[in-house]
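Visitor: Please give me a close look at a single part of this model, and then work outward from that part to what surrounds it.

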Amino acid sequence: MEWCKIQYGKDLNELVKLFKKFDTQKTFKNIDTSLFKAIGSLHSKGDSVLPVIAPNIEIILKKKIAGTLPHDVHTVTIFLEVISEFDLNTNIEEHDRIIDSYSFQIEIKGINGESECYNAWHLDQSIRKPKSNPESLDHPLYHFQPGGNRLEGKPIGNAIFIGSPRLPHPPMDIILGIHFILRNFCSPRDYPFVNHFLNNPVYLAIIKRARERLFVPYFQAFDPNSNNHQDFTFDKVFPLAV
């Protein structure tokens, strides 16, 4: 698993080049600025910590996503922000390398006529203190959750947002976050540039390294016969199954 700061910086820089080459319509509006800021953050905390701070990336979708409500929404803007820090001295075979300042935020704004409507999701990290009381509701170690502070002050009409359910999901950094947006919001039929990413060997290699960093340790929790991890355990990552 490649956790080298130099390689990480190269991967982010290659992503900038790929977006400049393929996303000629600027669907990802300010991707270069955000990724350059992330590159600049890599060495801000010494050799043992890998901070990756990627502020709001704005994705403008001018074609309706299937299943969108209200039906008359004609433009959707997605704001993605990821703040993650990794302790490079942590033994990844036993402990999670993500430091507890993790933030993965998706804010969605839809435009229908002259009005706007909002939604938000966040991928949250649940850090429990030793000897704390059991959770009253399922609380996977990493989970997607609707709503959050990105909806504060927004007009939400008759909608209701509650803190449950928390849906288990492995942690993602900015690289996997971008891939998540491409795969879930940007249909290749409507945005042909996506196919260039998904068939590009440089992009696929970047995603492979990102998956190895973050997904492989997480999914080992599902094999109790070989898993020695202290943080990614079956009961923590998928409590509903226990």
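Guide: I will begin with the largest pocket and then move to the peptide bonds, the charged pairs and the surface.

This is a predicted model, in which local features need pLDDT of at least 70 and side-chain atom pairs count only at pLDDT 80 or more, while totals for chains, interfaces and linings use all residues. Residues are numbered from 1 along each chain as its sequence is written, and side-chain values use heavy atoms, with hydrogens and water left out.

Rolling a probe the size of a water molecule over the atoms shows where empty space is left. A pocket is an open set of points on a 1 Å grid over the protein atoms alone, where a 1.4 Å probe fits, with protein on both sides within 12 Å along at least five of seven lines; its lining residues have an atom within 4 Å of a point. The largest pocket here has a volume of about 530 Å³, a volume being the space filled by probe spheres set on points joined across faces, edges and corners. Its lining is made of 24 residues, and T68, L69, I108, N119 and W121 are the ones that lie nearest the centre. Strand 3 (103-112), strand 4 (115-125) and helix 3 (174-185) each give the lining at least two residues; helices (H or I, at least four residues) and strands (E, at least two) are DSSP runs numbered from the N terminus. By kind, the lining divides into 19 nonpolar residues, 4 polar and 1 charged, where Ala, Val, Leu, Ile, Met, Phe, Trp, Tyr, Cys and Pro count as nonpolar, Asp, Glu, Lys and Arg as charged, and the others, Gly among them, as polar.

L69 deserves a second look, for the peptide bond that leads from L69 to P70 is cis, with omega near 0°. P70 belongs to the loop between strand 1 (49-61) and strand 2 (75-87). Another cis bond, with omega about 0°, joins S164 and P165, and P165 sits in the loop that runs between strand 5 (142-146) and strand 6 (167-168). Most residues other than glycine have a negative phi, and most peptide bonds are trans. K26 has a positive phi, near 60°, and is placed in the loop between helix 1 (5-22) and helix 2 (31-41). With a relative accessibility of 48%, K26 counts as partly exposed (buried means under 20% relative accessible area, exposed over 50%, and partly exposed in between, with a 1.4 Å probe and protein chains only).

Side chains of opposite charge can pair when their charged atoms come close. The whole structure holds 9 salt bridges, each a side-chain nitrogen of Lys or Arg within 4 Å of a carboxyl oxygen of Asp or Glu. In one of them, E14 meets K17 at 3.6 Å, N to O; because these two residues stand 3 residues apart in helix 1, about one helical turn separates them. E14 is partly exposed at 28%, and K17 is partly exposed at 47%. A second salt bridge joins E85 to K45, with their closest N and O atoms 2.6 Å apart. E85 lies in strand 2 and K45 in the loop between helix 2 and strand 1, so this pair ties together parts that are 40 residues apart in sequence. The partners differ in cover, since E85 is buried at 9% and K45 is partly exposed at 45%. K109 and E116 also form a salt bridge, their closest N and O atoms being 4.0 Å apart, and D11, R209 and R213 are linked in a network of salt bridges.

On the surface, F219, F222, F234 and V242 make a nonpolar patch of about 380 Å². Such a patch joins nonpolar side chains (Val, Leu, Ile, Met, Phe, Trp, Tyr) within 5 Å, from residues with over 30% relative accessible area and no salt bridge, while like charges are joined within 9 Å; the areas come from the Shrake-Rupley method with a 1.4 Å probe, and for residues only the protein chains shown count as cover. F219, found in helix 5 (residues 201-219), is partly exposed at 43%.

Finally, Y191 is placed in the loop between helix 3 and helix 4 and is buried, with a relative accessible area of 9%. S187 lies in that loop between helix 3 and helix 4 (193-198), and is partly exposed at 28%.
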